[in-house]
Amino acid sequence: MTITRQAFFRMTGLAALAQAGRRLMAAVAPRRWAMVVDAQKCLRDQGCTRCIQACHRAHNVPTLPRPNHQVAWIWKERYERAFPSQRNEYTAETFKDKPVLVLCNHCDNPPCVRVCPTRATWKREDGLVMMDWHRCIGCRYCVAACPYGSRSFNWVDPRPHLLELTADFPTRSKGVVEKCTFCEARLAQGRPPACVEACPDKALVFGNLADPDSEVRKLLRARYTIRRKPELGTQPQIFYIV
Ligand code: SF4
Ligand code: SF4
Ligand code: SF4
């Protein structure tokens, strides 16, 4: 009787062992999370806010009546404000004065982390710049240090201003800073960020820069991309196809 290689593996339990080995390798493989925003695709429907709504709903981000109290994890900014060093009098019509999606850049060299006196904000091995709202004392040093305006301070209690409550995500209190977390809770479950999932045009692509076969790496090889304020040396991990 001849036994195939697969049958031999099954019989000896080696297949299960090999699978466990592959899972272990995947778990310890290096990760560097990043996002590619296809700004051209995003501009096709300038009124679309599905990604913003999905993020803010998932993370209990309040809608506050006073504009100067506004809290935002992801929003649209005029191209010239988002990319001041790219601005010139010949900026292509496609982008001139147009809204571009912006969020925390999860910088490789984040100034916000350096200035925090309580380590309420820190950078993980996989690149996520995190927040611990219990440790935040509201000094706002990080707000001043972030050159992208990616952090919001809760000037008022945000809880009465939630349009709906998402029970599986914490709410914050008055006097703490918050920002995009790259959906770390969803990533831990193997799910994509809420904004990425919500985009009907697949204008947002999230993935692992450490994996040369990931979608983000393929896009970065195939398309021309820019980053916000690269001259500052913060090494943003949000790349824009323009
Ligand atoms: S964009 Fe701002 S808040 Fe986000 S990591 Fe960079 S410096 Fe920090
Ligand atoms: S406001 Fe909070 S997160 Fe920001 S620097 Fe101060 S303690 Fe750290
Ligand atoms: S990655 Fe997650 S937290 Fe960040 S903007 Fe998108 S949905 Fe919001």
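Strand β1 is mostly covered in this predicted model: six of its six residues are buried. The strand's side chains split into two sets, with Trp33, Met35 and Val37 pointing one way and Ala34, Val36 and Asp38 the other, and all of them are buried. So which strands flank β1? The open sheet has four strands in the order β8-β1-β10-β9, and its pairing is mixed. The edges of the sheet are taken by β8 (204-208) and β9 (225-226); each has a single partner strand, so one side of each is left without a neighbour in the sheet.

Strand by strand, the pairing goes like this. β1 and β8 run antiparallel to one another and share five bridges; Trp33 has Asn208 as its bridge partner in β8. With β10, β1 pairs in the parallel sense, over four bridges, and here Asp38 is matched with Ile241. At the other end of the sheet, β9 pairs with β10 (residues 238-241) in the antiparallel sense over two bridges, with Ile226 standing opposite Tyr240 of β10. As general background, strands of a sheet pair through backbone hydrogen bonds, either parallel or antiparallel. Helix α10 (residues 215-222) lies across β1 (33-38), β8, β9 and β10, and runs at about 115° to β8.

Trp33 deserves a closer look. This residue sits in β1 and counts as buried because 22 other C-beta atoms lie within 10 Å, against a cut-off of 20 or more. Leaving aside neighbours within four places in sequence, Trp33 is in contact with His106, Asp126, Gly127, Leu128, Phe182 and Asn208. Asn208 is thus both a contact and the bridge partner in β8. Trp33 and Glu125 are 92 residues apart in sequence, yet their C-alpha atoms are 9.9 Å apart in space.

Zooming out, the protein has ten helices and ten strands, and buried residues make up 32% of its 242 residues. Of the contacts between residues at least 6 apart in sequence, 63% join residues at least 24 apart. The largest nonpolar core has 51 residues, and those with the most contacts inside it are Val37, Ile74 and Leu204. The largest share of this core, five residues, is contributed by β1. In soluble globular proteins, nonpolar side chains tend to be buried together.

What does Ile74 touch, leaving aside neighbours within four places in sequence? The list is Cys51, Ile52, Cys55, Leu101, Leu103, Cys180 and Cys195. Ile74 is also one of the residues around ligand 3, along with Cys55, His59, Trp73, Leu103, Cys180, Thr181, Phe182, Cys183, Pro193, Ala194 and Cys195. By class, this shell holds ten nonpolar residues, two polar and no charged.

The other two ligands have their own shells. Around ligand 1 there are 14 residues, of which Cys104, Cys107, Pro110, Cys112 and Cys146 come nearest; the shell divides into eight nonpolar, four polar and two charged residues. Ligand 2 is surrounded by 13 residues, with Cys116, Ala120, Cys136, Cys139 and Cys142 nearest. Its shell has nine nonpolar, three polar and one charged residues.

Finally, a couple of backbone oddities. Most residues other than glycine have a negative phi. Phe182, however, has a phi near 60°, a positive value in a residue other than glycine. Phe182 lies in the loop between β7 (177-178) and α8 (184-188), and counts as buried because 24 C-beta neighbours fall inside 10 Å. Phe182 also turns up among the residues around ligand 3 and among the contacts of Trp33. The second case is Asn60, whose phi is near 55°, again positive in a residue other than glycine. Asn60 is found in the loop between α4 (50-58) and β2 (74-78). Is Asn60 buried or exposed? With 21 other C-beta atoms within 10 Å, Asn60 is buried.

Terms used
Residues are numbered from 1 along each chain as its sequence is written. Chains are lettered from A and ligands numbered from 1 in the order in which they are written. This is a predicted model: local features need pLDDT of at least 70, side-chain atom pairs count only at pLDDT 80 or more; totals for chains, interfaces and linings use all residues. Two strands pair if DSSP finds at least two bridges between them. Two residues are in contact if their C-beta atoms, placed from the backbone, lie within 7 Å. Axes are lines fitted to C-alpha atoms, for helices over the stretch in contact, and angles run from 0 to 180 degrees between N-to-C directions. A residue is near a molecule or strand if its C-beta atom, placed from the backbone, lies within 6 Å of it. Ala, Val, Leu, Ile, Met, Phe, Trp, Tyr, Cys and Pro count as nonpolar, Asp, Glu, Lys and Arg as charged, and the others, Gly among them, as polar. A residue is buried if 20 or more other C-beta atoms lie within 10 Å of its own, exposed if 12 or fewer, and partly exposed in between; C-beta atoms are placed from the backbone. A nonpolar core is a set of buried Ala, Val, Leu, Ile, Met, Phe, Trp, Tyr and Cys residues joined through C-beta atoms within 7 Å.
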